[in-house]
Amino acid sequence: MASAKPFVIAKRAVWEAYQQVKANRGAAGIDEETIAMFEQDLSRNLYKLWNHMSSGSYFPPPVKQVEIPKAKGGTRKLGIPTVSDRIAQTVVKRIIEPVLDPIFHPDSYGYRPGRSAKQAIAVTRKRCWQYDWVVEFDIKAAFDQIDHGLLLKAVRTFLIVPLTRPASEFQLT
């Protein structure tokens, strides 16, 4: 049976993402809606989010920007998405992470499951004793230099094509 939706996203995936967002708690976004407020019409809110995501018509709202203090003085900007957007991001993360994580280089540590900055430092420390040379990188604004055409080609190859296949071809858990 063909689906009328271009993206195969299980309603259960949205429910599980909501549960994860709720467990993490977090502040209200730019719309000032808290998790408790979102829950007042939970079924409708989750259905609406699922419908927009699976039809390809979901567009994230603006992110609330707040400044938080740094340990050694000064502040840094932090973006706080709305509750609904955090759920949408969690749905996407839970779908794409198992697809994309295996293609990352083994020495890639940033924002990967089961990996941390401390592990990266430990590997670096160990390797410092193995080699007589050092390579230094300044990655500030590195993502500003990404070829967006190549990035979109990779997204289409690894994500869009698989997500537009019939649900019977793969499982979203």
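Tutor: Helices (H or I, at least four residues) and strands (E, at least two) are DSSP runs, numbered from the N terminus. The model is predicted, so local features need pLDDT of at least 70 and side-chain atom pairs pLDDT 80 or more, whereas totals for chains, interfaces and linings use all residues. Residues are numbered from 1 along each chain as its sequence is written, and side-chain values use heavy atoms, with hydrogens and water left out.

Student: Which pattern does the protein follow when read along the sequence?

Tutor: The protein contains six helices and two strands. Read from one end of the sequence to the other, these elements give the pattern α-α-α-β-β-α-α-α.

Student: What percentage of the residues of the protein count as buried?

Tutor: Relative accessible area decides this, with buried meaning under 20%, exposed over 50%, and partly exposed in between (1.4 Å probe, protein chains only). Taken over the 173 residues of the protein, the buried share is 22%.

Student: Is Arg 25 buried or exposed?

Tutor: Arg 25 belongs to the loop between H1 and H2, and its phi is near 60°, a positive value in a residue other than glycine. Because its relative accessible area is 65%, Arg 25 counts as exposed.

Student: Near what value is the phi of Glu 32?

Tutor: Glu 32 is also placed in the loop between H1 and H2, where it counts as partly exposed at 46% relative accessibility. Its phi is positive although the residue is not glycine, and the value is near 65°.

Student: How many salt bridges does a search of the whole structure find?

Tutor: A pair counts when a side-chain nitrogen of Lys or Arg lies within 4 Å of a carboxyl oxygen of Asp or Glu. Applied to the whole structure, the search returns a number of salt bridges equal to eight.

Student: How many residues apart in sequence are the parts that Lys 64 and Glu 32 tie together?

Tutor: Lys 64 and Glu 32 form a salt bridge in which the closest N and O atoms are 3.2 Å apart. Because Lys 64 lies in strand S1 (residues 64–69) and Glu 32 in the loop between helix H1 (11–24) and helix H2 (35–39), the pair ties together parts whose separation in sequence, in residues, is 32.

Student: At what relative accessibility does Arg 112, the salt-bridge partner of Asp 101, count as buried?

Tutor: Asp 101 and Arg 112 form a salt bridge with closest N and O atoms 2.7 Å apart. Both residues lie in the loop between helix H4 (83–100) and helix H5 (117–128), so the pair ties together parts that are eleven residues apart in sequence. Arg 112 counts as buried because its relative accessibility is 9%.

Student: What is the relative accessible area of Arg 127, which meets Asp 107 in a salt bridge?

Tutor: The N to O distance in the salt bridge between Asp 107 and Arg 127 is 2.8 Å. This pair links distant parts of the chain, with Asp 107 in the loop between H4 and H5 and Arg 127 in helix H5, 20 residues apart. Asp 107 is partly exposed at 35%, and Arg 127 is likewise partly exposed, with a relative accessible area of 34%.

Student: Which residues are joined into one network by salt bridges that share partners?

Tutor: Side chains of opposite charge can pair when their charged atoms come close. Here, salt bridges with shared partners join into one network the residues Arg 12, Glu 16 and Arg 94.
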